[in-house]
Amino acid sequence: MVRISAQIIGLFDILLTRERKRHIFAVKDFALKLAAINKVNPFKVEIAALSHDLFRDVPPNKLLKLAELWEVDVNDEERVHPVLLHGKVAAEFVRRRFGINDASVLIAISHHTSSHPDFDEIGKIITIADTIGYDRDFDDIEKLRKIAIDDLEEGYLVVLANRIKYYIETRRFVLENTVKSWNKIVERRLAK
Ligand SMILES: [Fe+2]
Ligand SMILES: [Fe+2]
């Protein structure tokens, strides 16, 4: 696993801008902190964090071509906005190139943009670290980090709520899996 991390980092200079590399390392650092607190496998979290935006700087038309070439399932939202495919393409790439078959890692990479109702701790950690990792800065971010550090579930809920609020305020599309992920959290809380 350690060797795979080094190999993924070895691809950064070919695929990523400087700014994106900085983002990915910041996501990794916060994700590893959350993994340690919650006793989640750090190697899996590190691979998911390092891979999540590996294809984020690839142009949309190329992402669509790669998805077709690697037989990645493309939904209607992704066909209209191929940038949304960067997670799924990255997951398929690390599966093929490094033989990563861990379902939690693959779903975390694939669906980090929208989140997914089937996320376990790894997916939740990546979603949180992607949004409030050490490279991000906005009002109340320290408060959000503290919530996530104290309670992963609560941190995930707050991050998703903020994301949905932001999409609505900026009149953006709310992705289907984001809505499903939110409803899953609410359902679980109601069942308690
Ligand atoms: Fe991303
Ligand atoms: Fe990211």
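How far apart are the iron ion (ligand 1) and the iron ion (ligand 2), and which residue coordinates both? The close-ups below start there; keep in mind that this is a predicted model.

**Figure 1. Two iron ions share D53.** The iron ion (ligand 1) and the iron ion (ligand 2) sit 3.7 Å apart, with D53 coordinating both. Around the iron ion (ligand 1), the coordinating atoms come from D53 (OD), H86 (NE2) and H112 (NE2), at 2.1 to 2.2 Å. Read along the chain, the donors of the iron ion (ligand 1) are spaced as D-x32-H-x25-H.

**Figure 2. A closer look at D53 and H112.** D53 belongs to the loop between α4 (42-51) and α5 (60-69), while H112 belongs to the loop between α8 (103-110) and α9, so this pair ties together parts of the chain that are 59 residues apart in sequence. Are these two donors buried or exposed? D53 has a relative accessibility of 4%, so D53 counts as buried, the cut-off being under 20%. H112 has a relative accessible area of 2%, and H112 is buried too.

**Figure 3. The largest pocket, with about 950 Å³ of space.** Have a look at the walls here: 26 residues line this pocket, and T113, R136, Y166, Y167 and R172 are the ones nearest its centre. Three helices, α3 (18-37), α9 (121-132) and α11 (152-169), each bring at least two residues to the lining. Which of them gives the most? That's α11, with six residues. Sorted by class, the lining of the largest pocket comes out as twelve charged, seven polar and seven nonpolar residues.

**Figure 4. The second largest pocket, with about 230 Å³ of space.** This one has 14 lining residues, and nearest its centre you'll find N75, E77, E78, S114 and N177. Two elements, α6 (76-80) and α12 (176-191), give two or more residues to this lining. The classes here are six charged, six polar and two nonpolar.

**Figure 5. D102 and K44 meet in a salt bridge.** The structure holds 17 salt bridges, and the next views pick out a few of them. In this pair, the N to O distance between the D102 and K44 side chains is 2.7 Å. The two partners come from distant parts of the chain, 58 residues apart: D102 is in the loop between α7 (86-98) and α8, and K44 is in helix α4. K44 has 23% relative accessibility, so K44 counts as partly exposed.

**Figure 6. D130 pairs with R136.** Their closest N and O atoms are 3.7 Å apart in this salt bridge. D130 is buried, at 8% relative accessible area, whereas R136 is partly exposed, at 34%. You've met R136 already, as one of the residues nearest the centre of the largest pocket. Elsewhere, D73, E78 and K88 are joined into one network by salt bridges that share partners. E78 is a familiar name as well, being among the residues nearest the centre of the second largest pocket.

**Figure 7. K28 and D29 form a salt bridge.** Here the closest N and O atoms are 3.8 Å apart. Which label fits D29, buried or partly exposed? D29 counts as partly exposed, with 40% relative accessibility. K28, on the other hand, is buried, with a relative accessible area of 17%.

Notes: Residues numbered from 1 in each chain as written. Chains lettered and ligands numbered in written order. Predicted model: local features only at pLDDT ≥ 70, side-chain atom pairs only at ≥ 80, totals over all residues. Heavy atoms only, no water. 1 Å grid on protein atoms, 1.4 Å probe; cavity = no way out; pocket = protein on both sides within 12 Å on 5 of 7 lines; lining within 4 Å. Points joined across faces, edges and corners; volume = space filled by probe spheres on them. Helix = DSSP H or I, 4+ residues; strand = E, 2+ residues; numbered from the N terminus. Nonpolar A, V, L, I, M, F, W, Y, C, P; charged D, E, K, R; others polar. Donors = N, O, S within 2.8 Å, 3.2 Å for Na, K, Ca; no water. Buried < 20%, exposed > 50% of the residue type's maximum accessible area, 1.4 Å probe, protein only. Salt bridge = Lys/Arg side-chain N within 4 Å of Asp/Glu carboxyl O.
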